[in-house]
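These are my notebook entries on one structure, written for someone who has not looked at it before. I kept them in the order in which I looked things up.

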Amino acid sequence: MTHSPVKHLHSLPVLLNKPPQAWADLRGDALHPDIYGIVLFHQTPDGVIIATDVSGLPHGQGTCSGRFAFHIHEGSACRGSATDPFSAAGGHFNPAGCSHPYHAGDLPPLLGCGGDAMTVFLTNRFRLDEVIGRTVVIHENADDFTTQPAGNAGARIACGVIERFTISQQPQF
């Protein structure tokens, strides 16, 4: 039996037109009130497909700006203090105790495009049921994928709680 080099891509349009099993409503902190986005989660036999669409991200000048660390955190709330508005999000989701960047919650970075970002990827680092009720966080800087414990990604600028999706929660685009 031969394997197709495009194992998942052919099913992506069909999958993304179905309601997700879970989602997170991303909102920026007080210093980044224009950040808004959604993260959709689809459990598949091969892993979880995560689709993210965000707007209002900070954007600088030139091609060397606009990369943002993106993680699932272990906490269950997006609240905190004025100096750390999402401290209740906790640390990176890391049930196996791996070092960074091998935490289950370490995700590919968001690449800003004039303040917007969109990404779709597949991960088998967790099952969807393991992250329901946890948080997804955008950081102000890119993850360096080296520094322990969290990649020197800077402040948390947006957060959302991962919830089971119901039709009544369907976001308006």
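**Entry 1: strand β7 and its partner**

I began with a single pair and found that the bridge partner of A51 in β7 is V120. The model is predicted, so I noted that local features need pLDDT of at least 70, that side-chain atom pairs count only at pLDDT 80 or more, and that totals for chains, interfaces and linings use all residues. Residues are numbered from 1 along each chain as its sequence is written, and side-chain values use heavy atoms, with hydrogens and water left out.

Strand names here follow DSSP runs numbered from the N terminus, where a strand is a run of E with at least two residues and a helix a run of H or I with at least four. I then looked up how β3, residues 47–55, meets β7, and found seven bridges between the two, which run antiparallel; two strands count as paired if DSSP finds at least two bridges between them. Another residue to note is I50, whose bridge partner in β7 is F121.

What are the two faces of β7 made of? The covered face has A117, T119, F121 and T123, while M118, V120 and L122 make up the uncovered one. In a regular strand the side chains alternate between the two faces of the sheet.

**Entry 2: the whole chain**

I stepped back and counted two helices and nine strands in the protein chain. Along the sequence they follow the pattern α-β-β-β-β-β-β-β-α-β-β. Of the 173 residues in the chain, 40% are buried, where buried means under 20% relative accessible area, exposed means over 50% and partly exposed is in between, with a 1.4 Å probe and protein chains only.

**Entry 3: the sheet**

In which order do the strands of the open sheet lie? I read seven strands in the order β5-β8-β9-β1-β2-β3-β7, with antiparallel pairing. The edge strands are β5 and β7 (117–123), each of which pairs on one side only. On average, and with direction ignored, neighbouring strands of this sheet are turned by 20° against each other, the axes being lines fitted to C-alpha atoms and angles between N-to-C directions running from 0 to 180 degrees.

I then followed the pairings one by one. Strand β8, residues 135–139, pairs with β9 in the antiparallel sense over five bridges, and H139 has R156 in β9 as its bridge partner. Five bridges also join β1 to β9 (residues 156–164), again in the antiparallel sense, with W23 standing opposite E163 in β9. From β1 (residues 22–28) six bridges lead to β2, and these two run antiparallel; here R27 stands opposite Y36 in β2. Nine bridges hold the antiparallel pair of β2 and β3, in which F41 stands opposite I50 in β3, and the hairpin that joins β2 to β3 passes through two residues.

**Entry 4: residues inside and outside**

I looked up how covered β2 is, and eight of the nine residues of this strand (36–44) are buried. In strand β1 I picked out L26, which counts as buried because its relative accessibility is 0%. L26 and I162 are 136 residues apart in sequence, yet their C-alpha atoms are 9.5 Å apart in space.

Is S76 buried or exposed? S76, in the loop between β5 and β6, is exposed because its relative accessible area is 53%. The C-alpha atoms of S76 and A89 are separated by 6.0 Å, with their positions 13 residues apart along the chain.

H92 also lies in the loop between β5 (70–73) and β6 (110–111), but H92 counts as buried because its relative accessibility is 7%. I noted a polar contact of 2.8 Å between the side chains of H92 and D106; such a contact is a pair of N or O atoms within 3.5 Å, where within protein one must be able to donate a hydrogen and the other to accept it, and residues adjacent in sequence count only if both atoms are side-chain atoms.
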